[in-house]
Every structure is written in C-alpha cells, then in structure tokens.
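Colleague: Could you take me through this model step by step, with the terms explained as they come up?

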Amino acid sequence: SSSLVAVHLACQSLRSRECRMALAGGVNLMLLPDTTIILSKHKLMAPDGRCKTFDQAADGYVRGEGCGMVVLKRVADALADGDRILALIRGTAANQDGPSSGLTAPHGPAQQAVIRSALANGGIDPLAVGYIETHGTGTALGDPIEVQALSAVYGKGRPSDRPLYVGAVKTNIGHLEAAAGIASLLKAILVLRQRAIPPHRNLRVPNPHVPWERLPVKVPD
C-alpha cells in the first residue's frame, strides 16, 4: 500500500496548503531474483502464475512489474488552471494493521477502522459506494478477511438489489507490490470514467470460506 500512502500524504499536504501540486505513485521492477526465490521457498506465490482472487483455488499471489503516477491538485486550483480532471479524491486514511496471526495475515478490525476513517474524512455514506477496488491478493486467508471487513462497513442496511461490487486488478496484472496501490486507484478512476465495471478474471468457484449468500457483496462476472 506504499503508493496509496504516498497519495494519502500528498492529499494531506495539499489540504494544509504546504504545496499547490503533488505527484504521487509507485514503481516496481524485478531486477534481482532474490525476493522471488524467498517467496517461492515460503510457498507464498501461486504455482500456476495466476492470481485467483476470491476463488476457492486461490493459492498465493503473483508478482508483477509496473508503475503509476497521479498529478494531484486542489479542485479550485485545477479548475482555475484549466486542467483535465479525471477524478476527485474525497477522503483518505491510513492506519497500522495491528496484531494478527502472522505477517502475511491481514487484520479485519483494522481494515474496518481505516475504511470508516476514509469515509468519515470524505463525508461519504457507505451506502453511496457501489464498487470497491480491493487489495485482493488471491490468498486463501486474506481474501475472506477482506470481504468480511468490506461487508461489515458497506453492507449494513444495503438493499439486496444494490450489492457492493468488488474487483481486483491483480487478477489482470499481478501484484505490483510498491505500485500495487496506485494501480488499483487508476483502475477505480477508469471504472468511474467509463461508467462500467470490468469482469473479474480467474473466478470459477467462489471461495467457500466467504458466506456469499449472506453478504451483500458480488463479484462482477
């Protein structure tokens, strides 16, 4: 999430008027084999090289290369400068994951807390959100924890005919690690601009550890 933390800090800097424009993003290049070897030895990577987020066959993440960058300004300045505005960031938040069962295991309550903070920061009603670009690494443990956390925040009082759609760009391009967060942000911007949610890849049998039938969450197919 380092590139999203960069976006978060850039937004804070703009709001406090420390700067008038900010560049935020991340880059990931695999120049040495060491990290891949270590991850392989610990069986953290998908053996078939496919990221299978939310699928029962999810068995690890897939490394990817890439970069992404956004130019950020306060809305009034962007309008005054005649800039082409692609999207508006209404709120951001960051926190620490807290204690969990291990380094690779996310902490559900911490995820809920940071989401609620971001919504509060942006003044957004959870029911107004229709799509979430998830972290979605494609692991048997992490995926269910994330879906449950999202459902806990966005699902309360949500009508059955307006499910929360969840996707993961990692199924398309892999885990860009230091650039993973900015890749997700860029996809979310494209979803808004195109007014269409692309189908989720590599989903054949939904993860049985997620009670899909009881949650107001849907994976777009």
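Colleague: Which residues of helix 7 meet Ser-3, Leu-4 and Val-7 in helix 1?

Modeller: This is a predicted model, in which local features need pLDDT of at least 70, side-chain atom pairs count only at pLDDT 80 or more, and totals for chains, interfaces and linings use all residues. Residues are numbered from 1 along each chain as its sequence is written, and side-chain values use heavy atoms, with hydrogens and water left out. Helices are DSSP runs of H or I with at least four residues, strands are runs of E with at least two, both numbered from the N terminus, and contact means heavy atoms within 4.5 Å. On that basis, the three residues in helix 1 meet Ala-180, Gly-181, Ile-182 and Leu-185.

Colleague: How are helix 1 and helix 7 oriented to each other?

Modeller: Axes are lines fitted to C-alpha atoms, for helices over the stretch in contact, and angles run from 0 to 180 degrees between N-to-C directions. The axes of helix 1 (residues 2-15) and helix 7 (residues 180-194) come within 5 Å and cross at roughly 70 degrees. Angles under 35 degrees count as roughly parallel, over 145 as roughly antiparallel, 65 to 115 as roughly perpendicular and the rest as oblique. The two helices are therefore roughly perpendicular.

Colleague: Is Pro-220 buried or exposed?

Modeller: Pro-220 lies in the segment after strand 5 (217-218), and its C-alpha is 6.3 Å from that of Tyr-165, although the two are 55 residues apart in sequence. Buried means under 20% relative accessible area, exposed over 50%, and partly exposed in between, with a 1.4 Å probe and protein chains only. With a relative accessible area of 8%, Pro-220 is buried.
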